[in-house]
Each structure stands twice: as C-alpha cells, then as structure tokens.
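Please open the structure in a viewer and keep the selection tool at hand. The tour below proceeds stop by stop, stating at each one what to select and what is found there.

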Amino acid sequence: MSSGSARARLGAMLRKLYHDAQAERGPISLNRIKADTGLATSTVNNWLDEAKKGAPKTRRSQENYRTLISYLEEKLGRPCFRPEQWELAIAAAVAESRSNRGGRPVRRPRPAGPAPFRRPHNARARLVPELIGREQEVEELAERSRCGPGYSALVAPPWAGKTALLAAFVTGHVPDDVDVVSYFIRHPSRASTAQAFLDTMATQLGDLVGGRRTRVEDEAALFALYEKAAQTSLSHGRSLFLVVDGLDEDAGAGLGRQSIASLLPKALPPGMRVLVSGRWYPPVPADVDEDHPLRTADIIPGFRPSPVAQRLREEALQDLTVLLAQPVGKEVVGFLALAHGGLGYGDLAELLERGGHAPVPEPFDLEYMLRNVAGRGLAPEDLDPGSYVLAHDELVSTAVHQLGSRTLASLEQRLHDWADSYRTEGWPPNTPLYLLNSYQERLRSTDDIPRFLTFALDHRRQLRLADLYRADLALASLDEVARLRPTPEVLAQVAASRYFLEREDRTAPRAVVRALALAGDMARARSLALTPKDPASKAVRLMVVVRELLGRDEAMAAELAREAARLAERARYQDALRAPAEELDVEGVIPEAAALLADVGQPDEAIQLLDTIDVSLPGHFAAAAEAASRLLGSHPEFAAELLDEVTDEADHLAFAGEEQQAVAVEMWIAVALADPARAEPLHRRVTELALALDVETVGPVAVDCAALAASALAQAGSDEAQGLADAAHDGMRTLLTGPADDRAGETLPRVVRSLLDVDGSPDRARRLLDEAPEEVTTRARIVLDGQPDEANEMDRLLAEIRHHADRGAGPEARDCLARIFKWSREGSGETAIDWLPSLAEALVRDGDQGSAEVHALAAGEPDSAVRVRILTHAALAHADVGRLDEALRCAEAAESVAGGSPWRGEAAPWTRKHAVYGDWWRRRSRTRGRPSGRRGGSRRT
C-alpha cells in the first residue's frame with residue numbers, strides 16, 4: 001500500500017492530533033488513554049503506528065475511533081481537523097480496507113524501510129532463564145522509550161534485578177517504533193571505563209547512522225554522533241532510546257578520571273531519550289555538569305527488588321565462602337578479584353603453578369571446581385567468552401575484605417611476574433588475551449602509570465594483538481598513552497605505532513569470522529564481519545555469523561540478519577569503481593539477506609526486501625528462489641508469484657539465444673529445488689532442452705546444459721540422469737579434441753560435478769581430466785578432489801571447534817581458534833607487520849630514550865635481515881639529526897649482523913657513508929642512483 005493511501009492519510013491525521021495534544025498537555029501514555037477511555041492499548045497503538053496503517057473496519061471500531069478523537073481533542077483544547085474531514089477520512093479508510101479483504105494487494109517495487117535498530121551490547125550474557133513478575137515494569141519501560149521524559153533512572157539496591165530487567169527489555173521487548181542502543185557496565189573490567197563506552201557507542205551509533213565508520217576520539221565527536229543518530233531514527237519514524245545499566249559501577253567516578261556519565265548527552269537531540277540504572281550511592285560523578293539532566297532524571301517509581309535476585313545473592317556469597325575455605329580456591333578467588341578482567345582456566349592454572357602448588361590443578365579440574373562450586377558467582381568476560389570474572393562487585397569487595405592486604409599483595413606480585421615472563425619471551429603466540437589487553441587496563445586503573453606505559457608501547461605486544469585481529473585493542477591503549485603522556489617523544493611513538501597498526505588492521509578471512517561464531521564469541525565475530533569498507537562485503541560476512549547462530553540463539557540471529565539486510569540494501573548504491581567489494585560473491589547479497597530474514601522468522605521484512613530487486617537477474621535468481629522456498633509456508637501467494645517470475649524469465653531465455661540457455665537451465669533447477677511441487681515439469685523442460693542441443697552446433701553451451709541437467713536429475717533420483725551425464729561426458733571430450741575454446745575451463749568443472757553425482761565414483765571424471773590439457777583442469781580438479789589442502793585443514797579445524805563449543809570445552813575451542821588465526825595468516829601469504837624499521841627511525845627521532853629502545857628492538861628480532869634493516873634505518877635517522885657518532889655505531893652494528901649476506905655489499909656500507917657525511921652523502925647518492933628514502937612514512941629500500 002502506498003504512502004498516499006486512505007488508511008495512511010487517516011493515520012497521519014490521528015498522529016498529528018496525538019502529538020499536538022502531548023505538546024499541549026505533556027506525555028499521554030497508552031495506559032493513560034486506556035484508563036480514561038477503556039480503549040485497549042494494542043488497538044490504539046495499531047491506529048497510531050505508521051507502519052501498520054491500522055484503520056477501523058466494524059461499526060463498533062469506528063465508534064471507538066471517534067471516542068479517541070474526542071478524547072485527544074479535549075486534551076488539546078481545540079479541534080485539530082473539522083468534523084467533516086474526520087468523517088470523510090474514516091469512510092475512505094473503511095472502504096479501502098474492505099476492498100482489500102480476501103484479496104492480495106498488487107505488489108509494487110518499493111524501497112525497503114529499515115527494520116528497527118537493536119544493539120543489546122552484552123545484554124544477552126545478563127539474561128536470566130525467566131523474568132518473573134516484571135510485566136508491569138517492562139510495559140513501563142516501553143512507554144518511556146516512546147514518549148517518556150528525556151532522562152529516566154531505575155534506582156534500587158544491589159541484587160535487586162535491575163540488570164536482568166534491562167537485559168530482557170533491550171533484547172526482546174523494545175517497541176517497533178523505537179531504535180535502541182545500550183551499554184552494560186561491569187566492574188572490574190574494561191567495560192567500566194569511559195574509553196570502552198566511547199568505543200562501543202561510536203560503533204553502535206555509527207552503524208545506525210550508516211556510511212563509512214569513522215573513529216570517534218572525544219566527547220565532542222560522540223555528542224555530534226548522538227545527534228546524527230537521533231535524526232536518522234526520526235527520519236524512519238522512530239525515536240532513539242539509549243539504555244545504560246550500572247552507572248554505580250563506573251570506574252572513572254570519583255577517581256579523577258573521566259566517567260561514563262560525563263559522556264551522556266547534556267542537550268538531548270529531538271527524538272532521543274535516555275534510561276540509566278544504578279544504586280542510590282555513589283552519587284552522580286563530579287565531572288558531570290551541575291545542570292546536566294542526568295542529575296534530575298525522572299526516577300521510575302514502584303520498582304521492588306526481585307526475590308529471585310536476592311536468593312541468587314545469598315547462594316553466590318555462600319559459594320564464595322566455600323571457595324575461600326580451600327587453599328586453591330582462596331588463590332583463585334584472589335586472582336579473579338585482582339585481575340580487572342577475565343581469566344581462563346589455563347591462566348589460573350599457570351598462576352597457581354607459580355605459587356608452588358603441588359600437584360598443580362589441571363584446567364579441567366579448575367573448570368569443574370568453579371562451575372560446580374561457584375557457578376552462580378561467575379560470569380563470562382565480554383572480551384573473551386572463554387574467561388571469567390566475578391559476576392558482581394559485591395563479590396569482589398567481599399573477597400578483598402576476606403583475603404586481607406598481605407595475601408592480596410602476594411597474589412598481585414605473582415600476577416606481575418606472570419606478565420613479565422610473557423613480555424620477556426616477546427609475547428609468544430600462546431600469550432593469554434588477558435595479558436595483552438585487560439592487564440594494561442588493570443595497570444591504568446590502579447595508577448601504575450610507568451608500568452602501563454611500558455606495556456602499552458611494547459611493539460611486540462602490538463604485533464601479537466594484530467595477529468589476533470585485535471589491532472583495535474592496541475589502538476585503544478595508544479589513545480590512553482597519548483592522554484597520559486602528551487610529550488613530543490611519546491606522541492611520536494604513538495603516531496608511528498598508530499600508522500602501522502591502522503594499516504595492519506586488515507580484513508580477517510571469512511573462515512576466522514565463522515570460527516569465532518562457532519566458538520560463541522559473537523561480539524568479536526560481528527566486529528570482524530564489519531571490517532570491510534564496502535557494505536556488500538559486510539553483509540556477506542555478517543550472514544556467515546547468522547548461519548552459525550541459527551538453532552542456537554534465534555534472537556541474536558534475527559538481530560544480525562536485520563543488520564545484514566540493512567547493509568545489503570545500502571550495497572545497491574555502492575560504486576563498484578570507487579569502492580569495490582572486498583568479497584567476491586556479493587552480487588546476490590539482497591536476496592540472500594531476504595532468505596536469512598525468512599529463516600529467522602521475519603518473513604514480512606524478507607518480502608519487503610525482495611520487492612526492491614528484479615529477482616530474475618542472473619545474480620539474483622538462485623538466492624531469490626531460496627528465499628521463496630522459505631516463504632512457501634507463511635506467504636504462499638508471494639512465494640508462488642516470485643517463482644513464477646523466475647520461471648517466466650527462464651522460459652524466455654531458453655529461446656532467446658544459445659548463450660542464455662545454460663542460464664535458463666540453472667533458473668529452472670533453482671525453482672525446482674525451491675518448490676518440489678514444480679520439480680517434475682521443470683525437470684522435463686531441462687531434459688528436453690539439454691538433449692535438443694548439439695555440441696557441434698552450439699559448443700560448450702550444449703555440454704553445460706547436459707551437465708547441469710544431469711546433476712539436478714541425479715539429486716532427484718531420475719533414471720534420465722545417466723543419459724544426460726553420458727551426453728555431457730562425450731560432448732566435453734569432443735570439445736577437448738577440437739579447436740581451443742576459452743570456455744572449456746568453465747564447462748569442465750560442471751561436467752566433473754555431473755559425473756560424480758551420477759556415477760558415484762570418481763574414475764570416469766579422473767580419466768577425463770587426464771585427457772584434458774593441464775591449463776583448463778585447475779578448477780575441475782578442485783571439484784574432483786573436494787577442496788585444496790588448505791581448505792581441508794580449515795574445514796577440519798572448524799569441525800573441531802564446533803565439537804568443542806557444543807560440549808562447552810572452552811580451552812580446547814580457544815586452542816583451535818589460535819590455530820585458525822595462524823592458518824589464516826600463513827595460508828593467505830600474509831607476514832608479520834613490516835614496520836619495525838620505520839618504528840626504529842621514529843624512536844631515534846624521539847631522543848636518547850628512543851635510541852636505547854632501538855638497540856633493544858634490534859636485539860629482540862630473530863630475523864637477521866629485519867635486524868639489519870632496523871639498524872640501517874636507525875643510522876639514517878641519527879645522521880639526519882646530527883648524531884653522527886651514534887649513526888656510525890648503528891651502521892657498524894648493521895654491517896656486523898649482515899655478515900656475508902647480500903646486505904654486506906649494499907645497505908650497511910651505504911649507511912656508514914651516510915653516517916660520516918650526513919645529508920651531503922644522501923643528496924649525492926640520490927644523483928648516482930643509490931637507494932634513498934622518502935619522508936612521510938614511506939618504506940626505505
């Protein structure tokens with residue numbers, strides 16, 4: 001129905017009256033209307049919802065509609081439209097509704113309106129199995145998200161059930177006319193810092209706004225993004241609701257650092273509302289302005305602590321007491337309380353071993369102990385699902401009080417020694433993620449600034465994070481370094497590291513994204529899926545995550561499928577020349593997204609998306625037919641019409657020309673697969689066409705059609721498949737013995753596939769490939785052998801990680817992840833970051849301290865060629881700034897390392913000359929064709 005329909009016009013009139021009345025008298029909730037008029041809230045919402053275009057049909061509903069008009073005009077104090085205008089509009093809407101009853105409105109291509117935006121942050125980890133007795137509170141939150149005050153606050157004691165309520169709301173109860181972004185604070189962890197909030201909001205709001213994601217580095221940029229996001233929601237007819245849970249756990253509050261609360265908007269843009277939760281104490285942080293609306297937020301009345309939450313509190317504290325009574329349990333609790341981040345079972349085993357425990361508990365034993373004794377007091381860490389934190393800050397404070405300062409100091413020193421051991425080893429591949437990131441956060445939160453700077457600026461740590469596709473974490477710590485020490489020397493190091501890390505923050509292979517989804521690390525899988533620059537590739541990779549979620553987490557699958565659909569819709573306007581897709585198979589991204597929407601239970605959104613494309617295009621028909629197969633149950637008429645379109649196009653192509661006949665066969669096969677009721681007549685058409693074509697006349701097209709038909713009929717169990725496979729085989733042999741044809745390499749894989757499908761044995765296919773010229777068999781041999789060896793290894797690792805994830809074996813799953821990361825780097829031909837020489841040059845320009853670090857950098861590099869380059873660049877930089885003695889020392893060291901390698905004859909002597917003669921030699925060497933460097937980060941050769 002078009003936006004100019006009679007029902008749409010009536011709805012627009014009612015919404016104007018409703019908005020004018022609220023502007024005059026303040027918020028008028030649906031519950032208030034129900035109390036005053038007796039009209040059901042669902043009925044009123046249906047009439048007010050622009051998307052539903054609800055209209056009265058029966059005589060009684062028309063009277064109720066007039067009752068609502070009178071009620072709202074009474075609130076407004078004047079008529080909004082003349083009575084005759086209302087009556088004409090109601091009559092037209094009723095007539096239109098009745099004319100469509102029993103029939104299906106004419107489909108017209110229309111732009112797909114974006115689905116409501118949902119970002120639950122890490123709310124799913126906070127969900128409880130069942131939310132008991134909170135129906136009234138959920139309805140209250142829904143009302144406030146639509147038309148409540150600018151700031152609302154849910155204030156209650158600890159363990160009252162605040163987090164469980166908000167997690168349930170943002171994951172399943174947000175109204176359709178509201179976009180939601182959210183943030184759940186957990187202390188102690190990185191999630192309790194202002195920087196983490198800034199990064200998360202930048203990602204969520206940037207996704208809502210759309211377009212190229214930009215880095216948000218301060219509150220000014222964040223406040224501008226709030227405004228853009230609110231405008232985007234309003235343009236879609238929705239409001240924007242920001243939910244922040246746990247402000248009382250804000251790590252920056254009262255410690256002289258920036259608080260999360262200070263990053264909440266002071267001047268709310270139109271259409272935006274904010275809900276925060278916390279305790280009565282501590283108060284709003286001091287860095288929040290006195291006139292900030294957060295200080296006068298409207299407190300939600302009548303919220304009572306949940307008896308279930310209170311019982312959980314008592315059980316968790318009892319579990320903690322049991323652990324503290326055991327020698328091993330005491331230390332485990334201490335490390336969890338000190339860590340300020342998640343520790344895995346293997347991490348805890350290593351820490352216990354450093355304490356001299358004999359025998360050292362195995363990770364399996366620790367897992368058993370913690371899951372059975374303290375399961376209620378633990379929660380998965382947001383950054384690494386395989387690690388755990390104490391689930392509530394009361395448990396942390398209780399543990400700290402019970403353990404005492406002497407025990408905690410001993411455990412803290414052991415934690416530092418553990419970190420130092422991995423740093424001394426150069427952050428090897430088995431380094432725990434906690435030490436690469438959360439440990440730095442702990443150093444920062446405890447104001448151990450010198451140690452924090454040492455670890456954050458360690459280039460080897462940055463390299464390791466980049467190898468794990470977490471360059472974003474290294475960049476975040478560099479931001480904090482720049483804020484803490486904005487000296488020229490430190491800023492130069494930060495700039496050099498940032499430049500090369502941003503260059504290195506490249507797209508992870510799709511298999512890595514899938515592996516993370518299999519392991520349950522959905523946040524990281526989604527983040528990596530969105531790393532490509534173009535929306536089509538983002539959508540393709542996000543759909544990989546959705547497919548792994550099907551049957552495991554339907555709510556999150558639906559949320560990510562909607563996001564993929566939004567990206568797919570944006571891809572229609574993608575300029576393939578200016579922003580080419582990073583993925584290869586993006587042509588059918590819109591119908592593929594529609595099929596996934598149908599899979600996750602969103603058929604209406606799938607139909608809306610399919611209505612925006614021509615489903616019969618070569619790049620669309622296969623995925624569109626698959627989407628239609630998903631819609632046959634819920635929307636049979638639409639699915640039938642879509643399949644009719646594809647079939648009609650195939651019928652046309654079959655007689656349009658020889659080059660199109662293979663496409664026609666593929667289209668018929670796609671429809672037959674989508675709807676088994678159509679299979680028999682379509683298989684008949686496929687067979688007739690394939691047998692009618694002669695290879696001598698039409699060449700590879702005849703072989704293509706026969707091979708495609710053979711495979712389709714073999715899957716359907718038809719006896720005619722054998723004859724078609726024989727025809728494809730004989731036709732391919734004719735092609736191979738005739739004049740060279742560029743298309744043979746494309747046809748041969750189809751023939752091999754048909755022989756495998758029909759024969760059940762690879763013998764005939766292998767003999768055919770042995771007869772063929774080697775240059776046309778590459779793709780066909782991949783079909784024959786399955787996949788290349790590398791892909792077989794990846795499939796094996798993915799199957800292994802699925803097995804471990806299904807049985808909850810976290811350490812084994814993470815070990816598989818590490819091997820997948822290693823495979824993805826080595827298998828793709830990628831090498832370690834090639835920026836150490838340029839970093840050395842930047843360090844030299846920083847001064848004496850940087851010069852000393854260069855020699856340590858070179859000493860720690862095992863590759864002699866890289867070591868020579870580090871020293872060579874350092875010598876050049878020393879000479880540039882006039883430190884000729886130091887330049888000569890670096891040049892001689894480079895010459896010594898080079899030994900008898902080719903470097904001895906070229907790079908090292910040249911840098912020695914540069915050290916002696918300075919810039920004069922550089923200018924002279926350039927005129928004679930010697931290697932020279934360029935400023936501005938260019939690599940020296």
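Does Glu 771 count as buried, partly exposed or exposed, and at what relative accessibility? Select Glu 771 to begin: at 47% relative accessibility, this residue counts as partly exposed. Please bear in mind throughout that the model is predicted.

**First stop: a salt bridge between two helices**

Keep Glu 771 selected and add Arg 733. The side chains of Glu 771 and Arg 733 meet in a salt bridge, with 3.2 Å from N to O. This pair links distant parts of the chain, for Glu 771 belongs to helix 35 (residues 763-771) and Arg 733 to helix 33 (residues 721-737), 38 residues apart. Arg 733 is also partly exposed, at 39% relative accessibility.

**Second stop: the whole chain**

Now zoom out and display the protein chain as a cartoon. The chain contains 44 helices and eight strands. Of its 941 residues, 53% are buried. Its exposed area is about 42,100 Å², of which carbon and sulfur atoms supply 51%. Among contacts between residues at least 6 apart in sequence, 70% join residues at least 24 apart.

**Third stop: the nonpolar cores**

Select Val 545, Leu 642, Met 732 and Leu 748. These are the residues with the most contacts inside the largest nonpolar core, which has 106 residues. Then centre the view on Met 732 and show its surroundings. Leaving aside residues up to four places away in sequence, Met 732 touches Val 703, Ala 744, Thr 747, Leu 748, Val 751 and Leu 768. A second, separate core has 60 residues, including Trp 159, Leu 336, Leu 352 and Leu 435.

**Fourth stop: two tryptophans in loops**

Select Trp 159, one of the residues of that second core. It lies in the loop between strand 2 (151-155) and helix 7 (162-172). Trp 159 is buried, with a relative accessible area of 12%. What deserves attention in its backbone is phi: most residues other than glycine have a negative phi. Trp 159, which is not a glycine, has a positive phi of about 60°.

Next select Trp 427, in the loop between helix 15 (405-424) and helix 16 (433-445). Its phi is also positive, near 55°, in a residue other than glycine. Trp 427 counts as buried, at 0% relative accessibility.

**Fifth stop: strand 5 and its neighbours**

Select residues 272-278, which make up strand 5. Why may this strand be called largely enclosed by the rest of the structure? The reason is that seven of its seven residues are buried. Show the side chains: Met 272, Val 274, Val 276 and Gly 278 point one way, whereas Arg 273, Leu 275 and Ser 277 point the other way, and all are buried.

Add strand 2 to the selection. Strands 2 and 5 pair in the parallel sense over five bridges, and Ala 153 stands opposite Val 276 in strand 5. Then add strand 4 (residues 239-245), which pairs with strand 5 in the parallel sense over five bridges. Here Val 244 has Val 276 as its bridge partner in strand 5.

**Sixth stop: further salt bridges**

The structure holds 41 salt bridges. Select Glu 480 and Arg 483, whose closest N and O atoms are 2.9 Å apart in a salt bridge. Both residues lie in helix 19 (residues 471-484), and because they are three residues apart there, about one helical turn separates them. Glu 480 is buried, with a relative accessible area of 15%, whereas Arg 483 is partly exposed, with 42%.

Move next to Asp 644 and Arg 678, which form a salt bridge with the closest N and O atoms 2.9 Å apart. Asp 644 lies in helix 28 (residues 636-654) and Arg 678 in the loop between helix 29 (661-674) and helix 30 (679-692), so the pair ties together parts that are 34 residues apart in sequence. Asp 644 is partly exposed, with a relative accessible area of 34%, while Arg 678 counts as buried at 18%.

Which residues should be selected to view a network of salt bridges? They are Arg 119, Asp 207, Arg 526, Glu 559 and Glu 563.

**Last stop: a nonpolar patch on the surface**

Finally, show the surface and select Ile 132, Val 308 and Leu 312. Together they form a nonpolar patch there, with about 230 Å² of accessible area. Val 308 is located in helix 10 (residues 307-324) and is partly exposed, with a relative accessible area of 31%.

Conventions:
Residues numbered from 1 in each chain as written. Predicted model: local features only at pLDDT ≥ 70, side-chain atom pairs only at ≥ 80, totals over all residues. Heavy atoms only, no water. Helix = DSSP H or I, 4+ residues; strand = E, 2+ residues; numbered from the N terminus. Buried < 20%, exposed > 50% of the residue type's maximum accessible area, 1.4 Å probe, protein only. Patch = residues over 30% accessible without salt bridge, like charges linked within 9 Å, V, L, I, M, F, W, Y side chains within 5 Å. Areas by Shrake-Rupley, 256 points an atom, 1.4 Å probe, with all protein chains shown as cover. Salt bridge = Lys/Arg side-chain N within 4 Å of Asp/Glu carboxyl O. Core = buried A, V, L, I, M, F, W, Y, C linked by side-chain atoms within 4.5 Å. Contact = heavy atoms within 4.5 Å. Pairing = 2+ DSSP bridges.
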